[in-house]
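Me: I would like to understand how the words used for a structure follow from their cut-offs. Could we go through them one at a time?

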Amino acid sequence: MFLRTSSRRRAAATLATACALAVTLAGCGGTTKKDSDDTSDGGAKATGAKANPDAPLKKGLKLAFLPKQINNPYEKIVDDAGIAAAKELSGKGKEVGPSDASASSQVSYINTLIQQRQDAILIAANDPNAVCGPLKQAMKKDIKVVAYDSDTAKECRQLFINQASSEEIGRSQVQHIAEQLDYKGEIAILSATQNATNQNTWIEFMKDELKKPKYKNMKLVKTAYGDDDDQKSFQETQGLLKAYPDLKGIISPTTVGIAAAARYISGSSYKGKVVINGLGTPNQMRKYVKDGTVEQFSLWDPKKLGYLGSYAAAALASGQITGAEGEKFKAGKLGEYTIGKDGEVILGPPTVFDKNNIDDFDF
């Protein structure tokens with residue numbers, strides 16, 4: 001789910017085992033230097049193409065969005081906005097995907113999209129490596145690949161549309177909950193799936209932030225995984241509170257998780273005693289903010305993320321950009337964007353929502 005170019009460099013440098021942003025499992029992309037440096041099967045370097053920023057956007061482009069799971073409310077907002085943007089571009093967008101968020105669940109959909117000769121595949125990866133094989137095949141067939149929300153291994157796509165700086169998201173969530181807790185007490189993290197690239201990246205920055213002296217009286221006791229499933233996230237919240245009776249706060253960097261955690265706490269004796277923070281959408285969190293269960297949470301505008309994804313994919317498919325660092329493209333009403341290191345494009349900083357501004361947003 002929710003809310004990073006120097007960030008990725010720091011994450012890779014600090015966490016060599018994370019395979020350039022929280023890759024915790026070796027997959028088809030491999031983990032050796034030879035494999036990671038080999039971009040002959042795809043990516044901007046491999047195409048040999050040169051960008052023509054003056055090229056017109058092609059009409060009739062077919063853009064396919066492949067979310068982590070088809071029934072994820074947050075992903076639905078992103079994808080619907082991307083599909084609308086495709087229509088704005090005189091193209092056609094669609095959403096396809098699995099009902100579960102397992103590591104390999106997206107592979108068969110990628111293969112089908114290749115057979116359908118889509119112009120671009122936009123994917124929020126459940127696992128950074130499990131999808132690499134078919135995505136490389138897509139790029140061989142000149143189908144552009146854009147990761148969004150949750151990245152693939154960098155050699156398996158041309159661009160990554162990042163919601164915000166990974167470092168900013170991870171560190172800010174610790175900073176916010178620490179202020180609410182007066183920098184004291186035990187906290188836990190309720191994440192999505194264990195292999196989700198974005199979740200793992202943010203969590204590593206959270207852990208690094210907690211090493212600072214000002215957090216000496218805070219302790220991260222557990223990272224639990226709700227698999228972006230509402231009921232499992234609800235049960236994991238219950239389990240955390242039973243296992244750690246002194247728990248003072250939960251950070252949930254996933255829209256499914258934070259809503260489930262808030263729902264559990266709002267109807268329990270923990271309301272007003274345990275702080276919930278993380279990433280959520282205003283519409284799903286509004287009632288919990290207004291009933292006092294949640295004081296604040298963060299997110300970027302997912303509609304803008306999907307919109308930016310479509311324009312980036314169209315620019316790629318039209319030859320305006322190749323995905324190389326320093327290239328620029330226009331994203332409609334969002335303005336101009338510059339591609340950073342490793343093909344990363346950052347949407348912008350996250351917004352903090354609370355009782356003072358939550359009614360100003362509708363998504």
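Me: How many aromatic pairs does the rule give, and what makes two rings a pair?

Reply: The count comes to eleven aromatic pairs, where rings of Phe, Tyr and Trp (its six-membered ring) pair if their centres lie within 6.5 Å, and planes under 30 degrees apart count as stacked, over 60 as edge-to-face and the rest as tilted. This is a predicted model, in which local features need pLDDT of at least 70 and side-chain atom pairs count only at pLDDT 80 or more, while totals for chains, interfaces and linings use all residues. Residues are numbered from 1 along each chain as its sequence is written, and side-chain values use heavy atoms, with hydrogens and water left out.

Me: Why is the pair of F234 and Y264 called edge-to-face?

Reply: The centres of F234 and Y264 are 5.2 Å apart and the planes meet at 80°, so the distance is within 6.5 Å and the angle is over 60. F234 lies in helix α9 (residues 230-243) and Y264 in helix α10 (residues 255-266), so the pair ties together parts that are 30 residues apart in sequence; helices here are DSSP runs (H or I, at least four residues), strands are E runs of at least two, and both are numbered from the N terminus.

Me: What makes Y264 count as buried?

Reply: Y264 has a relative accessible area of 15%, and buried means under 20%, exposed over 50% and partly exposed in between (1.4 Å probe, protein chains only), so Y264 is buried.

Me: How do you know which class F361 and F363 each belong to?

Reply: F361, at 27%, is partly exposed, whereas F363, at 8%, is buried.

Me: Why are α9 and α10 called oblique?

Reply: Their axes come within 8 Å and cross at roughly 55°, the axes being lines fitted to C-alpha atoms, for helices over the stretch in contact, with angles from 0 to 180 degrees between N-to-C directions. Angles under 35 degrees count as roughly parallel, over 145 as roughly antiparallel, 65 to 115 as roughly perpendicular and the rest as oblique, and α9 and α10 are therefore oblique to each other.

Me: What makes the charged end of K333 count as sitting over the ring of Y307?

Reply: The charged end of K333 is 5.0 Å from the centre of the Y307 ring, and the rule asks for NZ of Lys or CZ of Arg within 6 Å of the ring centre and within 35 degrees of the ring normal. The distance fits that limit, and K333 is listed as sitting over the ring.
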